[in-house]
Amino acid sequence: MSTENEGAEVPADQSAPSAPPAPPVPPAPVESAPTAAVPADRPEHSPRPEPATAPLPPTPPAPTEAPAAAHAQEPAHAQPPAPAQAPAQAGGWPPPPPAHPAYAQAGGGGGPAWGAPPEAAPGPQAPRRRTGGLVAAVLAAALVAGGVGGGIGYWAAQSGDETVGSTTVSSGTSPADFKRAPGTVAAVANKALPSVVTIQAKSGGADGEGGTGTGFVYDKEGHILTNNHVVASAADGGTLSATFSDGKTYDAEVVGRAQGYDVAVLKLKNAPSGLVPLPLGNSDKVAVGDSTIAIGAPFGLSNTVTTGIISAKNRPVASGDGSGGSNSYMSALQTDASINPGNSGGPLLDASGAVIGINSAIQSAGSGMGQSQAGSIGLGFAIPINQAKNVAEQLIKSGDPVYPVIGAMVNMTDKGEGATISQQGAGGTPAVTADGPAAKAGLKAGDVITEFGGKQIDSGPTLISEIWTHQPGDQVKLTYERDGKPTTVTITLGKRTGDN
């Protein structure tokens, strides 16, 4: 996966064509323009103008124009009054990940578009005065979500019509003094931000290549939890620094990193006193639909907060940096909170502010792996914090990761029929390790593993993702097929230390 904005384009508004001069006849009342249909979630505005009562001179009037709400409440000319059209409906270990799905590591509203305006009605029309009645024409223009109030307010200021009330609302309390209620996104973010850092990693080479990622305070001793791919370039002879939200920067060093889990632990040099670790939640208790808050430095923009929900759980994800040398597997939490390159290693929080995951990857819209500049399409993946905590404790204790294993090499490319045990292992070694967990459970080369720990298995990466949610020594039920016949056995997981 590569370490991790949107909006439908609104067509430019066009000026209404000038009306031909009216003949010198007694004036007639001006009919009000129909209001535009507005989205169901927005209140309808349909003020009608007063009819003209004073005689009009027989000279051509200036074209009637009115600013309309547009992107960022930018003024634009109004379209001719007419009903708005309906909006339109977008070798080595670990083994390399499969070609699909393509995930990118994250490291390192606009509104609907409206169609063209209808043609002006044939025949001359009586000229109209520039009055408050033009509000209807403003509403008939193309609207974007949240732009109605801004568009009307802008027109009122430009027209100088004192009969239209101001849309400005003043507050007697400055933002610095405004208190957010506990549990709101603003309150959670305000509390968490001081414990989140932006990581700068530079390699030890002459070119000093590196990147930007995110991490967060794990304990009061100055340990920082992040992704392995965030710090991998600086792990051997490079430099690392961590910058807090107050702008203070500290040098850091790698304590340990787990390539397969994509987890790393750093330690701040000369760590400041008073560090506040982020509280850790229980990722096993997370439910689909729970609110999420992601904090990170997308594209280098530090201290960025985005929100969403848990959109899926136990999502098997195989990711890589495109070089084939940094592959990881996870049974991930899926979220639609916006995650982009630079968010990697940052915390995924629940509504209470507890960490439930480490943002690690996104689904890439492209077809290849390692697209470092991929953007958020609402499919982000986080390492469950329960797994990340276990890995972090291993790294702090010994500097080396520990992996549970079944002692069998499986096919990593086939998908949909389970995980097939290969005919032979790397370098011609047996695919099933002698006296290993799989061999003791009776598995052989060619067997297809279809279920592990109660979870359906459709591929090799899925099997590894599920194995790595357990610990060495765990006893797990495993179902495999041989010659079309299913068999269920209990397997005791073995242990492997280190990434090599």
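Which residue just after H5 takes a positive phi? Gly 399 does, with a phi of about 85°. The model described here is predicted. The points below cover helix H5, a group of aromatic rings, the nonpolar cores and one buried isoleucine.

**Helix H5**
- Helix H5 covers residues 385–398, which makes 14 residues.
- At 1.5 Å a residue, H5 should span 20 Å. Its end C-alpha atoms are 20 Å apart, so the expected span and the model agree.
- Several residues of H5 are buried: Ile 385, Gln 387, Ala 388, Val 391, Ala 392, Gln 394 and Leu 395.

**Aromatic pairs**
- The model holds five aromatic pairs.
- Tyr 261 and Tyr 403 form one of these, with ring centres 4.5 Å apart and planes at 15°. Planes under 30 degrees apart count as stacked, so this pair is stacked.
- The pair links distant parts of the chain, 142 residues apart. Tyr 261 sits in the loop between strands E6 and E7, while Tyr 403 belongs to strand E14 (residues 402–405).
- Tyr 261 and Tyr 403 are both buried.
- Tyr 403 also pairs with Trp 468. Here the centres are 4.8 Å apart and the planes meet at 40°, a tilted arrangement.
- Trp 468 lies in the loop between helix H7 and strand E18, so its pairing with Tyr 403 in E14 ties together parts that are 65 residues apart in sequence.
- Trp 468 is buried, as is Tyr 403.
- Ring pairs join Tyr 261, Tyr 329, Tyr 403 and Trp 468 into a cluster.

**Nonpolar cores**
- In soluble globular proteins, nonpolar side chains tend to be buried together.
- The largest nonpolar core has 54 residues. Leu 225, Leu 443, Ile 449, Phe 452 and Leu 463 touch the most other members.
- H5 gives the most to this core, with five residues.
- Leaving aside residues up to four places away in sequence, Phe 452 touches Ile 406, Leu 463, His 470 and Leu 493, among others.
- Another core, of 17 residues, lies apart from the largest one. Its members include Phe 244, Ala 252, Leu 268 and Leu 275.

**Ile 356**
- Ile 356 is part of strand E12 (residues 355–363).
- Its relative accessible area is 2%. Buried means under 20%, so Ile 356 is buried.
- Beyond residues up to four places away in sequence, the contacts of Ile 356 include Val 286, Ile 310, Leu 333 and Asp 350. Ile 385 is also among them, and Ile 385 is one of the buried residues of H5.
- The C-alpha atoms of Ile 356 and Ile 293 are separated by 9.9 Å, with their positions 63 residues apart along the chain.

How values were computed:
Residues numbered from 1 in each chain as written. Predicted model: local features only at pLDDT ≥ 70, side-chain atom pairs only at ≥ 80, totals over all residues. Heavy atoms only, no water. Helix = DSSP H or I, 4+ residues; strand = E, 2+ residues; numbered from the N terminus. Buried < 20%, exposed > 50% of the residue type's maximum accessible area, 1.4 Å probe, protein only. Contact = heavy atoms within 4.5 Å. Expected span 1.5 Å × (residues − 1). Phe/Tyr/Trp six-rings, centres within 6.5 Å; stacked < 30°, edge-to-face > 60°. Core = buried A, V, L, I, M, F, W, Y, C linked by side-chain atoms within 4.5 Å.
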